[in-house]
Amino acid sequence: MIELTDLSKYNRKVNYTRMKAAGIGGAWIRLCQGLDTSLDPLYAVHKQGCEALGLPNGPYFFADYRKDARLQAGRLVELLGEGRAAALDLEYLDGWGKPSGGAMHQWACSF
């Protein structure tokens with residue numbers, strides 16, 4: 001099994017060498033969130049930090065289930081292009097309300 005981590009703008013000072021030495025085998029890096037028009041401000045920094053050490057990495061999309069799934073999927077395709085893979089991070093945050101598992105599944109399927 002390969003242990004991965006996730007990185008985003010909330011991880012401001014990452015020691016990639018130490019991360020690799022600790023056995024982390026790669027990273028999912030937040031590309032953007034919901035319908036936000038900007039990339040995560042540290043996406044390129046984290047990508048470059050991982051690649052400099054040969055750590056596999058890939059983008060993840062932090063979805064906002066309160067907003068239209070198809071519009072968000074379109075936003076992801078705009079950023080990555082057709083045929084590129086990304087992980088989907090689908091969760092709820094405090095203050096968003098807690099959806100049922102069935103509602104989250106339905107939302108994800110429409111994505």
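Biologist: What makes a side chain count as positive or negative here, and how far apart do the centres of the two sets lie?
Modeller: Lys and Arg count as positive and Asp and Glu as negative, while His and the chain ends are not counted, and each charge is placed at NZ of Lys, CZ of Arg, CG of Asp or CD of Glu. On that basis the protein chain has 13 positive and 12 negative side chains, with centres 5 Å apart. This is a predicted model, in which local features need pLDDT of at least 70 and side-chain atom pairs count only at pLDDT 80 or more, whereas totals for chains, interfaces and linings use all residues. Residues are numbered from 1 along each chain as its sequence is written, and side-chain values use heavy atoms, with hydrogens and water left out.

Biologist: What makes a stretch of the chain a helix or a strand, and how many of each are there?
Modeller: Both are DSSP runs numbered from the N terminus, a helix being H or I over at least four residues and a strand E over at least two. The protein chain holds 4 helices and 4 strands, and their order from the N terminus is β-α-β-α-β-α-β-α.

Biologist: Why is β3 called largely enclosed?
Modeller: A residue is buried under 20% relative accessible area, exposed over 50% and partly exposed in between, with a 1.4 Å probe and protein chains only. In β3, 6 of the 7 residues are buried, so the strand is largely enclosed by the rest of the structure. Strand β2 (residues 26-33) is mostly covered, with 6 of its 8 residues buried, and for the protein chain buried residues make up 34% of the 111 residues.

Biologist: How do you know that β2 and β3 are paired, and in which sense do they run?
Modeller: Two strands pair if DSSP finds at least two bridges between them, and 6 bridges join β2 to β3 (residues 57-63), so this definition is met, the strands running parallel. Within this pairing, C32 stands opposite F61 in β3. On its other pairing, β3 joins β4 (residues 87-90) in the parallel sense over 4 bridges, where Y60 stands opposite A87.

Biologist: What makes the unit of β2, helix α2 and β3 right-handed?
Modeller: A crossover is right-handed if, with the strands pointing away from the viewer, the path from the first strand over the helix to the second runs clockwise. The unit of β2, α2 (residues 43-52) and β3 is right-handed, and β3, α3 (residues 69-80) and β4 also make a right-handed β-α-β unit.
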